[in-house]
Structures are given as structure tokens and as C-alpha cells.
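Here is a set of short exercises to work through with the coordinates open beside you. Try each task on your own before you read the solution.

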Amino acid sequence: PGSDTAVVCVARGDGSLELVDGDARWSQTLRVAGRRDVVATSLAWVGGAVYGGTASGVLFRADFAAGALADATDALGGAGWDLATDPPAPARLDACCDDGTLRVFDAAEDGTLAYVGALRAAAGARALCCAWAALGGERAVFCGCDDGSVRRVDARTGGSGCRMTVERGPNGEDAAVWCVAVVDHREGEDEACVVASGDSTGAVCLWDGALGVLLRRFRRHEGDVLCLATVGGARVFASGVDAKVACVERGSDGAWTWAAAHRPHVLDVRALCATSVQRKGGRVATLVSGGLDAKLCTYAAAPGAPFPAKRPARLWPFPDRSVVAAAPGARLAACVHGDRVDVWRLREPPELALRVAAADARNLAFACLADARVTPSAPYHAYAASLPWPSPDAGSWPEDRQEALLAGMDTRDE
């Protein structure tokens, strides 16, 4: 959310979202259990709040304070492929949509999204990604499309002033530009900037954003390049289907060269994020990657830092709390499986005694198992309790929190 913090939001494949803090050794600070039918494919920070977009075209806010997915709204353009923000407009949120438009929303103080309008990026193509830049005192957005083009759209007029085209695929098909990033503005040139793009041919291209000229093309990936991140105007990081996290950097002479690559993930890398972490000498630029293997990895990313030599650190997806609970008196154990809790009788062999499932597509936030003997002659009673997140229509927790699922079982036969 800012240069003075290392808090990163992580979206999981089961619909849950987490906040991890790099200044606290990447520990999880807050979590929203979410829903299995509302899986974020893109995230953006707007005014200190996290907004997500889904492949079904739903935009929502992750309210970590209330523990809810709130303020769900339609993107109005089909699937939301990417979300972007413009720093000079801190309340603005742009969604790249299936119909080739960037749908513009305004985030109110209470977190709700109000539709403002649309910028037409492409006709007959999907808008897959976008990034904002300043050109000659004006704001422009660079949008990647599935027709092999990167288009510069003027924010004031809404017109497309420049089109950059990547190479076609091996069979002559249009390449999909999955990601774009604005590297920086070149020193002493107010009307120039460098734009990076990654596409389905496995190439990373660097463009002159003002002229639309290709500066350099790197073809080092064996699969689609799905994500980009930039650090300090001198390094561009790229990754994707081949799980290779690659770095290209600009030398003192201004030329871009291949630096190195690591492969700490075993499956596709879906997201890269540049942040800064507090160290003894101050804040240090750090790259974070997330992939389908469910783990996060961190890298030394600052210009001059030893990215080629220093191996990335792996952050394993262990839960922040135990998924197993026990009731010793009743000789029962419970195990949480995301959308359900299984309660087992501890006998030989173990026996499934009870299954508590969440309603519809909700995930369970937590579960507990307890036993109590009311009187010396009373039987044991065991309870498994869970509190699921509300549906998107509800928006937040009910004030009396009466939506808790409670299942009980009498262990009299024990």
C-alpha cells in the first residue's frame, strides 16, 4: 500500500485472502476466508483498501477489519482480467475487461465503488492488462490486448494515440499481451518513458512509450509471460508458465541486458510484486513471487543487489493456526478442510463421527472442538463450531453474528 510498509496481499485459489508483513518476517497478520466461487484473479490497493477482480466480472473489497468480502459490484464489461490504479488519482480503480474497455470506478470513503465511465482500449479484442504513465504533463494508460497489441490511451480524450505490436505466435496466431509495466521516465526527457510487456510467445519487450518504438526484445521464457514487476527504473522482473523468475537490467550506458533467472517455483508463477523491507541500513527493495505451488518467494531486487548470486527465500503456505482440534475427554479430534470440518472418534480404527459443512460456497473461518462433563454422571457432549463468511449480498457480518454453524454430537455410547 505504500513505500514505507512491506504489507502484501495474497489471493489464494480457494477464494481466501491474506495480508503478510515483510517487516515481521513475512508472517500472516490478517485473513479473510472468502468464498470458493469468488476467486480473485487480480488485486489492487486503493486508499489503503484491497480490491479484487474475478474472471466472472465481479469486483469486491476485502474488509480485513470486519473479516468480510464487501461491496461487490459488476465490472460491466465481462471478465475482469486486471486491476490498476493511477497514483495522481488515489480513489480511482480501473478494470480491464473482456469487451476491450477499461471500466473506471471511484472508491468512496466507505469503500463502495461507483461507476464513472469507460476508456475504449481496443475494438474486437480483450483488454488483458494496463499500467499508467505520465507523458508531457498528461496522463496516459498503456493497455495490453489479446490481438498482440499494446495501446496507449489518452486519459483526457479517451483516444488511442499509439499502437505497438508484438511478434505473432509460432503458427501465425495473434499473441496475447498478458502484462505491461511502466519502467520509468528517462532522465531529462519529460515526454519519454519505457514500457515493458510480456506476451504468450514467452517474450519480454521494452518499448519507447512516447514513440512506440521497440527498444529491446528478450525471448528467454519457454511459456507465456504472465506477470512483470519493476524496481528503481533499472530492473524489470518477469515470470509466467515456465516458473522462471527472470531479471533484465539497464546498465550505466542505458542499454538493457539479460541479468539472471531463478526457478524456485515448480508450477506457473501468477504474480510478481515489488515492495520494500526494513533492514538495519534502511528499507531495501524486495521482489515477491506467488505461484500455483501455493508458496511465496522473496528476492533481493534493488539495483546493485546480488540478484544473480543470492538465492530466493521460500515462504511455505503453512496455516497461521492449527487445523486440528481435540476433545481429550470425549476422545474426539476435528480437522478443518476449508469448507468443512470432520470430527473423528479416536478408536481403533478411527471412525468419522460428524461432518460440518459450510453453507453454499462459503469457506470456514475457524473451527473448535470442546467437551464438558456437566455432572459426574452426565454423558460427554462434543461440539464443532464454525463461523463462515457471509455471502456477497450480505456484505458484512450480521451484528448479532447468529450465522454460526453449530453441530453437536452426544458421545453417550462412549
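The exercises below go from the whole chain to single residues, and the model they use is a predicted one.

**Exercise 1. The overall picture**

Task: Find how many helices and strands the protein has, and what share of its residues is buried.

Solution: Start with secondary structure: the protein has 34 strands and zero helices. Next, turn to burial. Of the 414 residues, 50% are buried. Then look at the surface, where the accessible area comes to about 18900 Å² and carbon and sulfur atoms hold 51% of it. Finally, take the contacts with a separation of 6 or more: 44% of them are between residues 24 or more positions apart.

**Exercise 2. A strand and its two partners**

Task: Describe how strand 5 is covered and which way its residues point, then work out how strand 5 is joined to strand 4 and to strand 6.

Solution: Begin with the strand itself. Strand 5 spans residues 49-54, and six of its six residues are buried. As a general rule, side chains in a regular strand alternate between the two faces of the sheet. Here, Ala 49, Tyr 51 and Gly 53 point one way, while Val 50, Gly 52 and Thr 54 point the other way. Both sets are buried.

Now take the partner that comes before strand 5. Strand 4 (residues 40-46) runs antiparallel to strand 5, and six bridges join the two. To place the register, note that Ser 42 stands opposite Gly 53. The hairpin of strand 4 and strand 5 has two residues between the strands, and Gly 47 takes a positive phi near 60 degrees there.

Then move on to strand 6 (residues 58-63), which is also antiparallel to strand 5 and is joined to strand 5 by four bridges. On this side, Val 50 has Ala 62 as its bridge partner. Three residues lie between strand 5 and strand 6 in their hairpin, and Gly 57 in the turn has a positive phi of about 85 degrees.

**Exercise 3. An enclosed space**

Task: Search the whole structure for cavities of 30 Å³ or more, and state what lines the largest cavity.

Solution: The search finds one cavity of that size. The largest cavity holds about 50 Å³ of space. Its lining includes Val 204, Phe 218, Arg 220, His 221 and Trp 258. Strand 21 (235-240) and strand 22 (245-250) are the elements that give two or more residues to this lining. Sorting the lining residues by type gives nine nonpolar, one polar and one charged.

**Exercise 4. A pocket and one of its residues**

Task: Give the volume of the second largest pocket, then follow Thr 298 from the pocket to its contacts.

Solution: The second largest pocket has about 270 Å³ of space. It is lined by 17 residues, and those closest to its centre are Arg 279, Thr 298, Tyr 299, Ala 300 and Lys 310. Two or more lining residues come from each of strand 24 (269-279), strand 25 (282-291) and strand 26 (296-300). By type, the lining divides into 10 nonpolar, three polar and four charged residues.

Now pick Thr 298, which is found in strand 26. Thr 298 counts as buried because its relative accessibility is 11%, and the cut-off for buried is under 20%. Leaving out residues up to four places away in sequence, Thr 298 touches several residues, among them Trp 26, Leu 287, Pro 312 and Leu 315.

**Exercise 5. Backbone details in the loops**

Task: Which values describe the backbone at Trp 26, at Ala 294 and at the peptide bond from Glu 348 to Pro 349?

Solution: Trp 26 is in the loop between strand 2 (17-21) and strand 3 (27-32). Its phi is near 60 degrees, a positive value in a residue other than glycine. With a relative accessible area of 13%, Trp 26 is buried.

Ala 294 sits in the loop between strand 25 and strand 26. Phi of Ala 294 is also positive, near 75 degrees. Ala 294 is partly exposed, with a relative accessible area of 31%.

Last comes Pro 349, in the loop between strand 30 (340-345) and strand 31 (351-357). The peptide bond from Glu 348 to Pro 349 is cis, with omega near -5 degrees.

Technical notes: Residues numbered from 1 in each chain as written. Predicted model: local features only at pLDDT ≥ 70, side-chain atom pairs only at ≥ 80, totals over all residues. Heavy atoms only, no water. 1 Å grid on protein atoms, 1.4 Å probe; cavity = no way out; pocket = protein on both sides within 12 Å on 5 of 7 lines; lining within 4 Å. Points joined across faces, edges and corners; volume = space filled by probe spheres on them. Nonpolar A, V, L, I, M, F, W, Y, C, P; charged D, E, K, R; others polar. Buried < 20%, exposed > 50% of the residue type's maximum accessible area, 1.4 Å probe, protein only. Pairing = 2+ DSSP bridges. Contact = heavy atoms within 4.5 Å. Areas by Shrake-Rupley, 256 points an atom, 1.4 Å probe, with all protein chains shown as cover.
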